[in-house]
Amino acid sequence: MRLRGWVPVLGWCAATLASIGVATVALQPVLRTATPDLPSAPLDRAVAAPPPAPVVTSPPAPPSASVSVAPSRTRSPSPPPAPRSPSPSPATVIDGWTVTTGSDGQTTYTRAFRVGGGQAVIRMTPGRVHLVTATPNPGFTVDTVQNEPGNLAVQFTEPNHYFVIHAVWQDKPVAQVSEVGG
């Protein structure tokens, strides 16, 4: 009679194990290509490197006055001064991102991330995420996944332990640092 009480529990355990196995097999192709959606570690675990020094540009020289050597009765009008292209703006820091504007008017966001598995520098422009560098610490390897231009994951891995820096453009730069295992 003791076995009769265990039959429902054993049936439930078997059904649960079977559903986990089926779900694992069915999701493997998706998990291999998708950016991992991992539980987030507190962002204070990532230490952002100090921002690069701002670019200092010298002020433009004032236009030189034109001096006429000999008087003439008819003066040809002097050409207007050439329009100056806007010079790059100095860097500012917003939410840990170093923000610069290039001479073309393009805003660029750059940030260095230092985690237990290594360090990475990520640059973003509206709609695009670029990996500048990724250097793993000893014992770690580095992998990147970028399924679309505005979504990048950098993963530093050692056996049973990894760090993920997930950077996404969402009308502004957004980054999440996660640690799993350890």
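The following paragraphs describe the fold, the nonpolar core and the strand pairing of a predicted protein model.

The structure is a predicted model in which local features need pLDDT of at least 70 and side-chain atom pairs count only at pLDDT 80 or more, whereas totals for chains, interfaces and linings use all residues. Residues are numbered from 1 along each chain as its sequence is written, and side-chain values use heavy atoms, with hydrogens and water left out.

The pLDDT, which is the predictor's confidence in each residue on a scale from 0 to 100, averages 74 over the protein, and 52% of the residues score at least 70. Over residues 30-72 the pLDDT is below 50, and this stretch has 45 contacts in the model beyond near neighbours in sequence, a contact being defined by heavy atoms within 4.5 Å. Where pLDDT is low, the predicted coordinates should not be read in detail.

The protein contains one helix and 10 strands, and along the sequence the helix is followed by the strands in the pattern α-β-β-β-β-β-β-β-β-β-β. These elements are DSSP runs numbered from the N terminus, with helices being H or I runs of at least four residues and strands being E runs of at least two. Of the 182 residues, 22% count as buried, that is, they have under 20% relative accessible area, against over 50% for exposed residues and values in between for partly exposed ones (1.4 Å probe, protein chains only). The exposed area of the protein is about 13000 Å², of which carbon and sulfur atoms supply 61%; accessible areas come from the Shrake-Rupley method with a 1.4 Å probe, and for residues only the protein chains shown count as cover. Among contacts between residues at least 6 apart in sequence, 33% join residues at least 24 apart.

The largest nonpolar core (a set of buried Ala, Val, Leu, Ile, Met, Phe, Trp, Tyr and Cys residues joined through side-chain atoms within 4.5 Å) has 19 residues, among which I122, M124, F156 and I165 touch the most other members. At least two residues of this core come from each of β3 (97-101), β4 (107-115), β5 (118-125), β8 (151-158), β9 (161-169) and β10 (173-181), and β9 gives the most, with four residues.

Strand pairing, for which DSSP must find at least two bridges between two strands, was examined from β7 to β10. Strand β7 (residues 141-148) pairs with β8 in the antiparallel sense over six bridges; V145 stands opposite A153 in β8, and the hairpin joining these strands passes through two residues. The antiparallel pairing of β8 with β9 extends over eight bridges, and the hairpin of these strands has two residues between them, with N160 taking a positive phi near 60 degrees. Nine bridges join β9 to β10, which also run antiparallel, and here F163 stands opposite E179 in β10. The hairpin of β9 and β10 has three residues between the strands, and D171 in the turn has a positive phi of about 65 degrees.

Within strand β8, N151 has V168 in β9 as its bridge partner. N151 counts as buried because its relative accessibility is 17%. The side chain of N151 makes a polar contact with the side chain of H166 at 2.8 Å, a polar contact being a pair of N or O atoms within 3.5 Å, of which, within protein, one must be able to donate a hydrogen and the other to accept it, while residues adjacent in sequence count only if both atoms are side-chain atoms. H166 itself lies in strand β9, and its C-alpha is 5.2 Å from that of Q176, the two residues being 10 apart in sequence.
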